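Trainee: I would like a close look at a single part of this model, the strands and the way they pair. Please take me through them slowly, along with the helices that pack around them.

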Amino acid sequence: MAVRIQLSRNSVLARLLLHPLARVLVVVALLAGIAGISVFTYYYVKFSRLVERKLRSGPFPSTSMIFAAPRAINVGDAITPEEIAAQLRRCGYSESRTNRMGWYHLRADAIEIFPGPDSYFDEEPGVIKFRDGQVVEIISLRDNTARTQYLLEPELLTNLFDRNREKRRLVRFADLPKVLVDAIISAEDKRFFQHAGFDPLRVIKAAYVDLKERRLQEGASTLSMQLARSFFLDYRRTWRRKAAEVLITLLLEQKLSKEQIFEYYVNQIPLGRHGSFNIHGFGEAAQAYLGKDVRELTLPEAALLAGMVRGPSLYNPYRNPERARQRRNVVLGLMRENGFITEEQYREAIQAPLTLAPPGMESTDAPYFVDLVNEELNRQFQEHDFQSEAYRIYTTLDMDLQRAAAEAVRVGLQEVDERIRRMRRRQPDLPDPQVALVALDPQTGAVKALIGGRNYGVSQLNRALARRQPGSAFKPFVYAAALETAVRGGYPVITPATMINDEPTTFWFDNRPYTPSNYKNEYHGMVTLRDALAKSMNVATVRLAQMIGYDAVEELAERAGMNLRIQATPAIALGAYEVTPLEIAGAYTIFANQGIYSKPYWITLVRDRVGNIIYNHRPVQRPVLDPRVAYLMVNLMEEVLRSGTGASVRTRGFLLPAAGKTGTSHDGWFAGFTTRLIAVVWVGFDDNRELGLEGAHSALPIWVEFMKRAAQLREYRNVKEFEPPDGVVSVEIDPMSGQLATPGCPTRRTEVFISGTEPLEACKLHGGAVQVASWEAAPAASAPPAAEKAPVRRPSKPAAAAPPRAVAAAPPAQPPKEERKGFFRRLLSVFK
């Protein structure tokens, strides 16, 4: 019976196969199968080659890396081995001896450091020993000799962003903390390490949910599928794109290990926008949102970032903090379900607040500084492509000081914003004021910190490079040019005790009148040079510039590195010609660095992808002021902070030895320095409208906040008093006359002079007489007797002794000139 049934079936099949239509269908089926295999083979080979090429060339764009300055560790520093190890990990070191950047070995009382072939340094290993939380000994393992300082590897500032403004900070799988790995797979693909690229259970669940709820929203993509999509495909939801995604996923699973796939995924996944940049990868996201290295993430922080994958904009912690917190708690719950954390850890983590980096300041990346570096690279190295080649650019930026600058700007702007808020009652259309801060090393010109605006995401305009009128912040260059008369010759010889008339005056230049006014129209009559600068008297300053010649002021400004657009007119004395905050910071080095100009710079070293040095910076310096003149200027600017327009520096709590000058034009300025650091702050509006706040009430508060924070850092804490060079003397004078003080003078003040220019006459206002002991002193205009100890630096262009070209004071406005008395007439005048 069974045999007859089989024959029957065979006979039916045979009859079907003999039917012409059936034959056509069989042929079609065979051809379709062959075509399908051919198409599959074609696309398999195509995508296989695509994947091979992508993996061989590197899956991520090879952009250059920008590094901050090395961090110095000194004997006596209060720091622990664990803190140094954390710093080394942030710089790319690990405990693996195969790490090309370098490795370290942590001991109970010491840490051994071994730079690798990719290190900034010349592979000099060292050991740092500790006792009671302090560094007690540093030994070089190259020759087993003691050192007083050891430089740690420079920290990665950022990868140079590409033309799409995508930022990515590459991390290795070995560098990822376990809490982040657990959080990602809990949120996105909990069976990632078990499946072969596809999760059948997840597919079935997604299909069931979509059918039940009649929508196509439930995702079933694994991490491998997400990686395939983000690497090679767009995000259109079509069957063709989905088929390609499946094929590429199969290829990735064949060619890569699970750890490699995971590493590529955490570096590629888009995680929203921060400021003006598209953030890719968890390494960059940790810096952008949390201000820390990915290796240092805590459990709630890891869950927060992992939760953003599903909707980077929806769960952006800055825009939607409550949604971000709820999504974080969902991820924490999934981690608990998957057994990665305990119930106690879960309850503690969901109670943790969102701890984000300060919004807007982007302090860890220093974006305005990075733009400055990028522009310099494009200008100096046009033959190199820094956006497609993996160069290493080492800079001068001090990361700790940059963070201090960002925090100081944030705190200081709150006071400025409050003042602007009150002004809006009368002027409701006032925008938010902008800010710039530049800090540099006065000895080298190295830029240590730079802020170019209050929010880089809103505006990428770098105000540190914007030209604005510096106002009274320029006045020190007028006074320095005047004091140079003591060493450059000419008449009259100007000293800090020289008396100047501060009364309403019209000055004439090129047959045009110029009538400056003082702040609040307050005038002070005859004043000393010191008081004129301390109180920032405008008329007295213009009169001083006229006395020495406006061209002398222009020449000094140019020698101090300011732009060539400055012109020799009366307006130069009041800072009417535009300069940048960076130029002012560089120009102030002539005061803080004993007369030596140090040109600002921000790139120290550039290496190509194989380590060859293509640029090694050498500081540019030149003598501009005689050291004695520089000291006199520092002493005068100390008075600004002691009794002048900058006195609130002291009342606000910054008490270290310092000097500086306020400035008010359309904007507010403050430029000041210690022996270790120069800082310049500008505050104003982008449209150049009147700020309406003096520098003392706008820029100065930010400067103080910054310098107080800088003083907490070891590199800038050891501030010294400004020491006078040889050839400077001090005598007591009466500030009312500028002459030697007598017992009858109601006020006395110690004044500094270049030796040979101190006053010879006692105060006439209070019964003085010529001091016989001074009769044989060198005349004021003669060369200082200390010239051999402190050589006079003479600029190539001497100051003109004759009155300046085209300068003539209007007769009604000019005070009568005092007749210059000879020696015997001065002697006879005692008896009048």
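Mentor: Let us start with pairing: two strands pair if DSSP finds at least two bridges between them. The strands (E, at least two residues) and helices (H or I, at least four residues) are DSSP runs, numbered from the N terminus. The model is predicted, with local features needing pLDDT of at least 70, side-chain atom pairs counting only at pLDDT 80 or more, and totals for chains, interfaces and linings using all residues. Residues are numbered from 1 along each chain as its sequence is written, and side-chain values use heavy atoms, with hydrogens and water left out.

Now look at strand 6 (residues 134-140). Strand 5 (residues 126-131) runs antiparallel to strand 6, and 6 bridges join them. Within this pair, Phe130 has Val135 of strand 6 as its bridge partner. The two strands form a hairpin with 2 residues between them, where Asp132 takes a positive phi near 55°. Strand 6 also pairs with strand 7 (residues 145-147), again in the antiparallel sense, over 3 bridges. Here Ile139 stands opposite Ala146 in strand 7. Strand 6 and strand 7 make a hairpin too, with 4 residues between them, and Asn144 in the turn has a positive phi of about 60°.

Next, find the open sheet of 5 strands whose order is 15-14-26-25-24, with antiparallel pairing. Its edges are strand 15 (447-451) and strand 24 (659-664), each of which pairs on one side only. On average, neighbouring strands of this sheet are turned by 5° against each other, direction ignored. Such angles are taken between axes, which are lines fitted to C-alpha atoms (for helices over the stretch in contact), and they run from 0 to 180 degrees between N-to-C directions. Inside the sheet, strand 25 (residues 668-673) and strand 26 (residues 678-684) pair in the antiparallel sense over 6 bridges. In this pair, Ala671 stands opposite Val680 in strand 26.

A helix lies over this sheet. Helix 24 (residues 695-710) crosses strand 14 (434-440), strand 24, strand 25 and strand 26, running at about 35° to strand 25. For a closer view, pick out Trp703. Leaving aside its neighbours within four places in sequence, Trp703 is in contact (heavy atoms within 4.5 Å) with Val649, Phe654, Ala658, Phe670, Gly672, Phe673, Ala679 and Val681. Trp703 also belongs to a nonpolar core, meaning a set of buried Ala, Val, Leu, Ile, Met, Phe, Trp, Tyr and Cys residues joined through side-chain atoms within 4.5 Å. Buried means under 20% relative accessible area, with exposed over 50% and partly exposed in between (1.4 Å probe, protein chains only). The largest nonpolar core has 187 residues, and Phe477, Tyr588, Phe591, Phe673, Trp703 and Phe706 are those with the most contacts inside it. A second, separate core has 16 residues, among them Ala85, Tyr93, Tyr104 and Phe130. You met Phe130 earlier, as the bridge partner of Val135.

There is another open sheet of 5 strands to trace, in the order 9-1-13-21-22, with mixed pairing. Strand 9 (156-159) and strand 22 (613-616) are its edge strands, each pairing on one side only. Neighbouring strands in this sheet are turned by 15° against each other on average, direction ignored. Strand 21 (residues 603-607) pairs with strand 22 in the antiparallel sense over 3 bridges, and Arg607 has Ile613 in strand 22 as its bridge partner.

Helix 13 (residues 367-380) ties in here. The expected span of a helix is 1.5 Å times one less than its number of residues. Because helix 13 has 14 residues, it should span 20 Å, which agrees with the 20 Å between its end C-alpha atoms. Helix 13 is mostly covered, as 10 of its 14 residues are buried. The buried ones include Tyr368, Phe369, Val370, Leu372 and Leu377, but also Asp371, Asn374 and Glu376. The buried residues of helix 13 pack against strand 1 (65-67), strand 9, strand 13 (392-395), strand 15 and strand 21. Strand 15 takes you back to the antiparallel sheet, where it is one of the edge strands.
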